[in-house]
Structure formats: C-alpha cells, structure tokens
Amino acid sequence: MDFDAIVIGSGQAGVPLATRLARSGRKVLLAERGALGGTCVNTGCTPTKTLVASARAAHVARTARRLGVLVESVGVDFAAVIARKDGIVRSWQEGIVRRIADAGPNLRLVRAQARLVGERTVEVDGERHRAATVILNIGARPIEPPIPGLTGVPWLDNRRVMELEELPSHLVVIGGGYIGCEFAQAFRRFGSAVTIVEPGSHVLGQQDEPASEAIEGVFRDEGIAVLLDARAEQVSGAAGRVTVRLSSGGEVVGSHLLVATGRRPNTDDLGADAAGVKLDQRGFVDVDDHYRTSAPVVYAVGDCTGGPQFTHTSWDDHRLLFDVLTGRPGRGRKDRLIPYTAYTDPQVAGVGLTERAAKTKGVRYEVATLPFAGIARAIETDEKAGVLKILVDPSTERILGASIVGAEAGELIHVFAALMQAGAPARAVVDMEAVHPSFSEGLQSLLMSLPRYALS
Ligand SMILES: Cc1cc2nc3c(=O)[nH]c(=O)nc-3n(C[C@H](O)[C@H](O)[C@H](O)COP(=O)(O)OP(=O)(O)OC[C@H]3O[C@@H](n4cnc5c(N)ncnc54)[C@H](O)[C@@H]3O)c2cc1C
C-alpha cells in the first residue's frame, strides 16, 4: 500500500481526519481540487456570517431611533464589507494550511482532482495510489434547477453572489430556505431591494408554521417582498435586468438573480462505479451507521452522504469515523441530535422534533409556545420578534424537540440540545435559577407555561 489512508476533500471532516490520522502515525494523502477548507470556510458559513454581521450593524444603526438614539445617516461601504469578509476567509484558510503543515511528514497534501479508479485505488494528479482506507469528504455544490431560460441569464449562486463588486439594486432570490433567507435579509439591509420567490407555502418550510410566519413578518417589515406559493416558470434577461415569470402569471424584474434551491453532491466526477461505491437516486453516497459505503474500506462523511448538511455535522462525522478507524466505535451517525440555526435576524434555531414531525410519527407530546416578546430582556433590548416552542414527552418529561425564533436563538438552543443529549428531564430548566434579565429566562417561562410545571 502507498498510504494508510487517502482522504478526498479538505472539508470539515477531511482536514481533521487527515491531520489526526497522520499525527497518530499513519501515512495519509489528502487531495483537494479547490480551495482548502471546502464550503464552510470559502463559500458557506464563514463568509455568509461575516456579511450577516455587517448587515446587522447597518440595521441596528438605521433603527437606533427606536431606542432613542439618533443616527444622522447610515451608509454601507459595500467594498469594505466584502474586503472584511475576504480577510476573515483568508485567515481561516491560512489556519488550515498551518494545521496541515503541523501534522508533519506523514501527511501529503495534493492540490488536484482525485478519482476512484478501482478497489482501494485513487488517481490524483496523474498518479495512482493504493490505500488501506479511502475517505470521501467531497461535499456538495448548488443545484442548477431546470427552470427554462436559466442557463441564458447571468444567475448567481452562493459563491458568485459574494463576489459581487457592487450592490445589486434589486436582488431576486429564488428559494426561501436558510441560504436564500440569509442572503435576502443581508442584501436588503445593505440597501438592495429584495424579492424572495418561494414555491412552498412558507420560507424555512421545514419549520412549524409559526416560526416561518415570524420570519416572514420580520422580512416584510424590513421591506423584503416575500412571494409564497410562487413558482419560477421562466427566466429571461441579461446582466442588470433579469425577469422571473411566475406560475401565477405575474413576473418579477430585478437587477440580479440569486438561485438558492438546494445542493447536489460532488459525486458526478468521482468514479464511484470504478470502486463499487453505490450512490442513491440523487447521487449522494450511501453509507451505513458507521460511514461504510458499499465498497470495502471506502468511507464517506459530510454533505456528500445526504445530510443534514451542516458544518457541525460534518465535523462530528470526523469524530465518529476516527473512532471507527481506530477500533473504538461508539455512537452511530443515525441517532444523533443535530441542532441547527438559520442566521436570519432574529435567528431561527431548532433541535429534535418539530410538532409537524411529531404528529407525522405519531409521537405523544405536550407542547408549549411563548412569544419572544414575553421575555423581559427582549422588551428591554427591543428584540421582541420571534416565538419559542417546546415539545415534551408526557411520560418521561424528556424534551422531544424545541424551536426558537428570537435574538440569540442559535445560542439558546444549546440549553435544550445539552439536556436532550444528557437524557435529562425538562424539569431541570424549570428548577434552574435563571439569571435576570436574560433571554434564557424565556426558556424557563416557556416550560412553566405547561400545566405540569405551572406555579400554583
Ligand atoms: C451559503 C452557505 C451557508 C452555510 N452556512 C452554514 C452555517 O451557518 N452553519 C452550518 O453548519 N453549515 C452551513 N453551511 C453548510 C456547510 O457549509 C457544509 O455543510 C459544510 O461545509 C460541510 O461540508 P463537507 O465537509 O461535507 O464538504 P465541503 O466543505 O463542501 O468540502 C468538500 C471538499 O471536497 C473537494 N472535492 C470535491 N470533490 C473532489 C475530488 N474529486 N477531488 C478532490 N477534491 C474534491 C471540494 O473542492 C471541497 O473543498 C452553509 C452552506 C452554504 C452554501
């Protein structure tokens, strides 16, 4: 064997796997055809969250009057916003270069496309290598939906929209998932007119309705046009003027078009057949609970396995697979708790079952909801938009699921995630002494609105 392990893709699982395996004495080849760090660092979480932070600063300044603070005028230096984003991305990339170098001579990095060409055999940069283990961390990329006319217009995806040098005068966003929503609100706050075209009945359609409705209300208040049940039937135009014809007969004309309708796996040029790696109907790699593909000694982690597609999931995949590879399997991938956050403002966070999912699965539950405006701190800071919801198992008092739309929801959700992970009863939050005034007090109030925890 040339290598103990070949890792294809330097995403959120690939880099830590390659470096840890190398540091444990194994000879490792890491192949990366694009930018080191994959989606999260280069075109996903890091750049979007820096943009969202700049957009929020503009919004807070613009709306400071509600707190009695007068800001004469607010301008957005879009070039500076982009430069800040690029600087932070660069610093993360440099960190990855250092981590790979620090892993020592056992780790060889090859910056090229890798292909499976047979059992345990990978071709990269014109050379063929055999390995005891092959790990696929090849990620996903935006879907190009089959909308007639799309190929003829200069549409943007999540990468290209962040390379714009000038602010769009009117950004039309097809797709109201979390990626579309985050960009929509950020660009609106930078000063663009924004229209969301969502074919479903709500944006963030995997949430229960009150959560989606809360965000739609905020978006509309900020001047975003949210078109629901609106299917893009045809796209036409050229740079600076793009027309989206809707199935309802109407049309939206914008200066720029962002398409955010989902992501497909990077398996089309992998050579999966040559190695006997089975893909599902959508092209994702089929894996079992311990990341084994249908091909012996080939494992797959991260977005290419079909999701949930999050950085923290891919990173957790690396921990679980490292244990499998080093002979200490513990947790499996399928029964994990995977919390998530959409970085809209307010944020939308969740963990476990939604009420809709609980109903579909026939799970018994007690449910409580609380408007975010019912939290003292939310009133004091004037961050009242949102709603909290929790589902509790009536017999064990364990939390089945929670969703929070509200300020710092992405932080608050971890209280419930940790309790669920520990298998602790919801009563722990009821008995906890919550700091006043904090958003976390709302978690307690939420639970105390259930009859079983109500003060008599
Ligand atoms: C706009 C946007 C915002 C996001 N925001 C968040 C967020 O806030 N929080 C969150 O948790 N997640 C977020 N995500 C999702 C997150 O970025 C991904 O889930 C995460 O990056 C995990 O990816 P991965 O490790 O599976 O693979 P990736 O990070 O996609 O890495 C795969 C790597 O493999 C390389 N590669 C592919 N094929 C080959 C080949 N044949 N040979 C060599 N190299 C190859 C690719 O070039 C790529 O670098 C966001 C995604 C997007 C698009």
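## Around the ligand, and one hairpin

Of the 38 residues around the ligand (those with a heavy atom within 4 Å of it), Glu32, Thr39, Lys49, Asp303 and Ser314 come nearest. This is a predicted model, where local features need pLDDT of at least 70 and side-chain atom pairs count only at pLDDT 80 or more, while totals for chains, interfaces and linings use all residues. Residues are numbered from 1 along each chain as its sequence is written, and side-chain values use heavy atoms, with hydrogens and water left out.

Here are some polar contacts, meaning pairs of N or O atoms within 3.5 Å:

| Residue | Polar atom in the protein | Ligand atom | Distance |
|---|---|---|---|
| Lys49 | side chain | oxygen | 2.7 Å |
| Ala114 | backbone | nitrogen | 2.9 Å |
| Gln309 | backbone | oxygen | 3.4 Å |

On its own the ligand exposes 1,000 Å², and the protein buries 96% of that (Shrake-Rupley areas, 1.4 Å probe). Helices H2 (38–42), H3 (45–62), H6 (178–190) and H9 (311–325) each give two or more residues to the shell; helices here are DSSP runs of H or I with at least four residues, and strands are E runs of at least two.

Now for the hairpin. Strand S12 (residues 241–246) pairs with S13 in the antiparallel sense over four bridges, where pairing takes at least two DSSP bridges. Arg245 sits opposite Glu251 in S13. Four residues separate the strands, and Gly249 has a positive phi near 105 degrees. Side chains alternate along S13 (residues 251–254): Val252 and Gly254 point to one face and are buried, whereas Glu251 and Val253 point to the other and are not. Buried means under 20% relative accessible area, with a 1.4 Å probe and protein chains only.

Terms used: Polar contact = N/O pair within 3.5 Å; in protein donor to acceptor, adjacent residues only side chain to side chain. Buried < 20%, exposed > 50% of the residue type's maximum accessible area, 1.4 Å probe, protein only.
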